[in-house]
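Here are a few short exercises to work through with the model open beside you. Try each one before reading its solution.

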Amino acid sequence: MCAIAMRNIDYQLQIDDDFGHKCAMLLLGMHRWINQQSTNVTFTPAGNLTYKISIKLTLDPTKHIMWGNDENRENPYVAIPLYYMDNGNHIHLSFSDNDGRELMTSTYTETSQITMAALQYCWDQIPDHEELKSIVERYLRTVSDNKDSFDFEDARNKAYTNIISDNDKDKIPADILRKKHHWYSQEIAGLIYQLEESTTTGSDKQSGDSASIPNAIKDTYARYLASLPSHRSDDEQFSGEKNDKPNNQSTIALLLGIHEFISTNVSKASSSETEQEENQNNTDALMAFLLLLSNLCEQYPVIVYVHRNELQQKMLFNIKFDDSYRSTASIDDWLNGTIKHPQKTSATSLNTIKHGRKILEFIPQLFLGPLHLADHVNLSFQSYASRSSHIEVTPIENTVITNVHELVPHGQLESKETKNKPDESDIRIQSSAGRIHCARYMNHHRSISRIRLTIFPDYRSLRYSSLWAMLLCALSLLNLYTATTECESLASLFSGDNLIAGLSMIFTLWLAKTLSGINNSISDHIRKKLDDTISKSLIFYSFSYAITFFNTNNRTTTNDCSLHSLSSIVPHTPLDRAEVLVSLVPILIFIKTMIWLCRYSCKIYMGKEYFINSEEHKLHHRVYYDPQNPPAMDTLEKAPYSILAENKKGEFILEHLDSYVKRQWSRE
């Protein structure tokens with residue numbers, strides 16, 4: 001990241017008493033001041049996904065975070081947190097304004113200063129934060145190495161630093177670090193759900209036992225340790241690096257302290273309206289604190305600097321980067337863990353259908369190749385970081401997008417508009433010149449939106465493959481006719497003198513098929529089904545030619561080449577039977593490709609060249625998946641508040657957060 005000389009955070013706070021409030025509101029309430037976030041996805045020939053994200057915002061003048069040093073005191077920079085980005089290996093990452101000028105971004109330290117100030121503000125807004133401090137301090141003291149000179153603020157900040165993902169941790173391998181941050185986010189999600197349930201249903205009080213605190217920390221931490229890909233002993237795993245141990249324990253102590261506070265304070269019975277209001281204020285403020293902390297576990301806010309004299313009320317920024325997609329998914333993967341009608345099918349029935357389908361389709365696929373032409377690409381986009389969120393997928397070379405589904409966790413609470421229509425999504429979609437455009441608005445309270453694109457080869461590729469299949473079918477019929485008759489003129493084609501010519505023809509066919517590939521990587525994968533189909537046909541034709549060669553050279557022939565009756569093609573020897581079976585495979589493959597082509601041609605004849613309506617409409621296709629086994633996404637798997645995406649109460653929690661941010665925005 002680019003860096004500029006910045007003043008010390010203590011000095012920053014002295015000149016701006018509202019610094020923490022501004023940081024918290026901008027990080028928690030992006031959906032209030034970012035008007036539109038548009039993501040354009042392009043599949044490149046190199047096999048990457050190119051993302052271009054345009055962000056249109058209207059920045060509240062009262063929320064300007066002034067940043068600079070003594071030299072530019074009169075004309076400081078304004079720090080703007082644009083976007084939450086996951087810690088992936090993004091290639092060619094760049095940030096620019098509407099004029100294309102590169103923007104300076106914050107360093108690790110500068111980002112940490114802003115996020116720490118936001119967390120501190122959220123902590124201070126908890127009405128009973130002194131009680132929360134005393135509980136958390138008791139846990140932190142237990143794991144502190146310096147109990148005599150214990151400093152609460154320092155210990156808590158160490159816990160924050162260990163949770164926040166945008167920190168340089170050279171001593172920890174990247175894969176283990178990702179697991180650790182994911183584990184933290186799941187534990188924080190558990191606290192959020194506990195907090196939400198405690199205010200609605202109540203829970204039993206749980207007091208902390210000072211003597212059992214170390215064991216509680218170790219037992220909780222053991223769940224994280226069990227997931228680490230390490231062969232060290234449990235004691236060695238728990239100890240970790242010497243400098244990492246205190247931070248890990250302090251983080252768990254922080255989480256356990258918050259857990260006890262929720263159990264003993266927030267969930268306590270309220271006998272008056274005043275106590276109920278106080279509990280609700282504790283809940284709202286603590287919920288905002290935990291949600292902000294969860295956002296920082298596996299993401300970091302991208303903060304750009306703009307000169308104050310260049311700042312406008314309405315601005316547009318661009319983020320560009322490349323990322324690799326995993327792979328497309330076949331129809332079998334699509335059925336794995338997904339279901340269209342969750343109210344009618346249980347998980348047991350789904351597994352039975354899945355395994356039964358695999359068994360029934362294994363043998364046909366072994367001989368005929370893929371039975372389904374469709375492939376799928378899973379994409380996701382942030383849908384609660386702005387008032388409206390959009391994603392546009394550019395056409396993929398030599399392919400066509402025939403359908404789009406929204407992927408929704410099984411059992412997720414539906415919005416009021418769609419609760420009676422489980423197959424209808426609130427995503428708006430339209431198609432123009434092959435481009436697919438989807439939009440979702442923040443009032444639906446969905447943190448992240450997942451879509452699945454159904455992709456077919458284009459008509460030219462499909463017709464080309466059907467011609468290949470027709471050629472091999474005709475040649476196989478010739479082999480079959482020659483092997484089952486006694487025509488001398490046809491048998492001469494398979495004599496020893498013509499063996500070189502026959503092998504040359506087969507080699508030429510293989511070479512022509514290999515050279516007919518497509519250069520786009522995603523297209524190559526989608527075309528692979530057609531290539532596999534033609535390869536199967538060519539393999540069986542080659543066997544058919546070999547059997548015909550041996551068959552015709554080991555029997556007598558005549559000059560009669562006519563087919564007198566059906567009995568003349570009845571196989572009499574094992575070699576004849578093998579010839580019939582092997583030759584039938586290219587014929588069946590040709591029939592399969594013609595069925596694909598006819599279905600495709602019918603849609604084009606009906607005027608559905610792009611398959612998806614060009615007028616904007618609601619997405620009428622929704623697929624549910626098992627939250628315990630979510631489908632893999634192709635980048636952008638994380639989003640603000642994405643830990644709520646798999647829970648049925650996620651929308652309800654985001655509604656309360658929005659109400660809280662609205663009150664805090666103007667400090668009502």
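**Exercise 1.** In this predicted model, which residue forms a salt bridge with Arg435, and how far apart are the closest N and O atoms?

*Solution.* Start at Arg435 and look for its partner: Glu392 forms the salt bridge, with the closest N and O atoms 3.0 Å apart. Next, place the two along the chain. Arg435 belongs to strand 15 (residues 435-441) and Glu392 to strand 12 (residues 388-393), so the pair links distant parts of the chain, 43 residues apart. Finally, check accessibility: Arg435 is partly exposed at 34%, and Glu392 is partly exposed at 24%.

**Exercise 2.** Is Arg440, which pairs with Glu406, buried or exposed?

*Solution.* First, confirm the salt bridge between Arg440 and Glu406, whose closest N and O atoms are 2.9 Å apart. The two sit 34 residues apart, Arg440 in strand 15 and Glu406 in strand 13 (residues 399-409). Now apply the cut-off: buried means under 20% relative accessible area. Arg440 has 1%, so this residue counts as buried. Glu406, with 2%, is buried too. To finish, follow the salt bridges outward: Glu406 and Arg440 belong to a network with Asp426, Arg446 and Glu651.

**Exercise 3.** Which residues does the UniProt annotation "transmembrane region" cover, and what is the helix content of residues 462-481?

*Solution.* Begin with the record: the unreviewed UniProt entry gives residues 462-481, 493-512 and 580-598. Then turn to the model. Residues 462-481 are 100% helix, with end C-alpha atoms 28 Å apart. Residues 580-598 are also 100% helix, and their end C-alpha atoms lie 27 Å apart.

Key
Residues are numbered from 1 along each chain as its sequence is written. This is a predicted model: local features need pLDDT of at least 70, side-chain atom pairs count only at pLDDT 80 or more; totals for chains, interfaces and linings use all residues. Side-chain values use heavy atoms; hydrogens and water are left out. UniProt positions are given in the numbering used here, feature names are shortened, and annotations may be inferred rather than shown by experiment. Helices (H or I, at least four residues) and strands (E, at least two) are DSSP runs, numbered from the N terminus. A salt bridge is a side-chain nitrogen of Lys or Arg within 4 Å of a carboxyl oxygen of Asp or Glu. Buried means under 20% relative accessible area, exposed over 50%, partly exposed in between (1.4 Å probe, protein chains only).
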